[in-house]
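Visitor: I have this protein open in front of me and would like to go through a few places in it. Could you take me round, starting with a loop?

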Amino acid sequence: MVRQQQRVDFGGENGNLKPKNITGLHRIHRFIDKLQNKRASLNQQIIKQMRIRAGAENLLKATSNNKVKEMVLLELSYVNSNLQLLMGQLEGLNSSVDVYQNTQDTANIPLIALGLKETKEVDFSTHFKDFILQHYSEDGNSYEEEIADLMDLRQACRTPSRNDAGVELLAKYFSHLPLIESRFFSPTHHTGIFFTWYDSFTGVPVCQQNLSLEKASIFFNMAALYSQIGTRSDRQTITGLEEAIASFQIAAGTLNQLKETYTHTPSYDLSPAMLSMLIRLMLAQAQECLFEKIALPGIRNQFCPLMKMAQEAAKVTEIYDQVHQSMIQMPIKDNVPLFWSTMAQIKTNHYRSMAHFFVASALLDHQLGPNDDEDQQEKTLSQVYDNIPEGRTPLDILKKQDERQCVGKAHIRRAIQGHEEALRIYGLCPSLNSLELLHGILKASHQRSLNKYSENEKEDEFPDYTEAPDIVPKTEHKAEMEVPTTTKVKVADFFQRLGPLSVFSSKQRWTAPRTVRVKPEDRDVGFNLKGDAPVQVVSLDPLCPAAADGLKEGDYIVAVGETDCKWLGVTEVLRLLRDAKDEEIEMQVVTMMDSSPSMTYSMICLAYDHDDKNPRSRKVTKKSSFLSWGLKNKLKSASTLSLPTDDHSGSLPWNKPCPTFPSSSSYNNDSALY
């Protein structure tokens, strides 16, 4: 109970909020959480039905009994019907755009937000404890606190808040994953931990033992959160629109980085084709918000500003048309909610109609006067069209009243047709029936175009079938992908007690810690050290007490007495050994199992003499004190090791057993042993 109170908040929805203090925003967050829980429940039901279908299909292939086949076919039809219903419910949840909209936003067309990918809970406890015991030869139970913190962090990531704190929470967990991978996920050993994530569009589960799926899914959810932040921004203010623009651009950049980094993810919503479509969708919504930002202060009712807004609207049309074209391509068409493709089609027609309405207003409401800049208007009009109607020039349209009226009314007719098409598409999609706001905006735009046409229609006028030319899309503020700056945050390694990651990783295998007793003689322990952390034994005197007690060259010192030395450098370890003075002190050392043992034997082999019948007759002189020498030469390599000379007159014994294969170490025959 105490641990649960200590770890109540990682920035998710389960903070210390009292019911009486819950704001409207928190209520919305809780409603979204309920939506996610419902989506998770649907995912579980879809899995169950898919397993039943797979079993029935296998039975149908295996049996030859006609009665059994009939029963299986009946079961398959029932299961397929259930799957269609469940998929329809899931699509309805994915189409709940109004859930993510700002409640203050009452005059803008709704935007689309990505839903978070759902995942199953993962229990790291047993597997990590076993791995710590087997791989690092430490008691895994002593790391319960760290494992619990990691599991709490992952659990909080399942329901992040829809704001920057939620993004930071996901970024924090994402930054921990490379550390966890280096510690526990060996390329040659499976931990037995399965990560299950559900496809956000189909609900189909994907399961992997490595962390690639985990990383990609967290990255996807970061993009989804940015899209939800964008849809929740208050688009009635410049600040809110700037927040929405930035959020959608960062969402596009995050998805693009996901597509370039994780290229072999088995989940369909993480496939390159789907991610490319989602990137276009995020950029289209950013461009739409840029258009709204320009229009928010009001559009000057003048020729050039109206033409400029027409091209801005045409740019939004162009991008949404690309989004729609990508949505109707196979196999994306079968997995994207119908609501999404319908919205893209509606916005394509709506903004195209707005572009034609702006051009019509510029031509019909503003005649070329003596004080107007004729050259500027001619240049502006020529840039709006790719192909001017045959027999006309920009100057003719501007100067001739009949031509101006004819082309202007042709544009207003195209605006009316586009609005009518948008309303028709709206009526065909059942998921849009609840979006009365969208229907109201489309009807108001349609009525405005009808009123404009009525104002310029004359009773005695002959029908004119002039076709208005397309408007060239152009913008001064193009939406661009932004590189996310919060994908990685600086975090402290949960398992730093295992030692420096550069040494104590899952790629290396270690022996169990051994106890070596060291007794300095005249402040000399008989070996030297090198490295930063942890320190490594080099220049070992084969005759010293530590070598007799099992110390080997290449061993890493992990503890001196009661002090953990995994993170201590040479200076600190030397200080601990110096403090022991002439008393015996115990060290804990480990050996890298993958390291070559040749260096361990090299010192012995080079000193062995087959012709020496009396090893006691040799004499070895000692070097200066180890501690004084080691402080000056703590980074000196083993290649400069001082080895005994091949002197037959010596009298000091060397009783180490000697193998007969040759050594590969370099040495100096003129030097003496400690």
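Guide: Gladly, and please keep in mind that this is a predicted model. A good place to begin is Asn335, which lies in the loop between helix H11 (303-327) and H12.

Visitor: What does the side chain of Asn335 reach there?

Guide: The side chain of Asn335 reaches the backbone oxygen of Pro331, at 3.0 Å.

Visitor: And which residues does Asn335 touch, leaving out those up to four places away in sequence?

Guide: Leaving those out, Asn335 touches Phe201, Thr202, Tyr268 and Met274.

Visitor: Let's move on to H12 itself. How do H10 and H12 cross?

Guide: The axes of helix H10 (residues 272-295) and helix H12 (residues 338-365) come within 13 Å and cross at roughly 35 degrees, and the crossing of H10 and H12 is left-handed.

Visitor: Which residues of H10 and H12 meet?

Guide: From H10 there are Leu278, Leu281, Glu288, Phe291 and Glu292, and these meet Trp340, Lys347, Tyr351, Met354 and Phe358 in H12. Sorted by character, the residues of this contact of H10 with H12 comprise seven nonpolar, three charged and no polar ones.

Visitor: Now H15 and H16. At what angle do they pack?

Guide: Helix H15 (residues 401-428) and helix H16 (residues 436-455) pack at an angle of about 155 degrees, with their axes 9 Å apart. Because of that angle, H15 is roughly antiparallel to H16, and H15 passes H16 in a left-handed crossing.

Visitor: Which residues make that contact?

Guide: The list is long, so here is a part of it: the H15 residues include Lys409, Ile412, His419 and Tyr426, while those of H16 include Glu436, Leu442, His446 and Tyr453. Taken by character, the residues of the contact of H15 with H16 divide into 10 nonpolar, five polar and six charged.

Visitor: Changing topic, what is the mean pLDDT of the protein?

Guide: The mean pLDDT is 77, and 76% of the residues reach 70 or more.

Visitor: Which elements have the lowest and the highest mean pLDDT?

Guide: Among the elements of the protein, helix H19 (residues 598-607) has the lowest mean pLDDT, at 38, whereas H10 has the highest, at 95.

Visitor: Where does pLDDT stay under 50?

Guide: One such stretch is residues 1-22, for which the model has 32 contacts beyond four places in sequence. Another is residues 595-674, where pLDDT also stays under 50 and the model has 134 contacts beyond four places in sequence.

Methods:
Residues are numbered from 1 along each chain as its sequence is written. This is a predicted model: local features need pLDDT of at least 70, side-chain atom pairs count only at pLDDT 80 or more; totals for chains, interfaces and linings use all residues. Side-chain values use heavy atoms; hydrogens and water are left out. Axes are lines fitted to C-alpha atoms, for helices over the stretch in contact, and angles run from 0 to 180 degrees between N-to-C directions. Helices (H or I, at least four residues) and strands (E, at least two) are DSSP runs, numbered from the N terminus. A crossing is left-handed if the near helix is turned anticlockwise from the far one by less than a right angle, and right-handed if clockwise. Contact means heavy atoms within 4.5 Å. Ala, Val, Leu, Ile, Met, Phe, Trp, Tyr, Cys and Pro count as nonpolar, Asp, Glu, Lys and Arg as charged, and the others, Gly among them, as polar. pLDDT is the predictor's confidence in each residue, from 0 to 100. Angles under 35 degrees count as roughly parallel, over 145 as roughly antiparallel, 65 to 115 as roughly perpendicular and the rest as oblique. A polar contact is a pair of N or O atoms within 3.5 Å; within protein, one must be able to donate a hydrogen and the other to accept it, and residues adjacent in sequence count only if both atoms are side-chain atoms.
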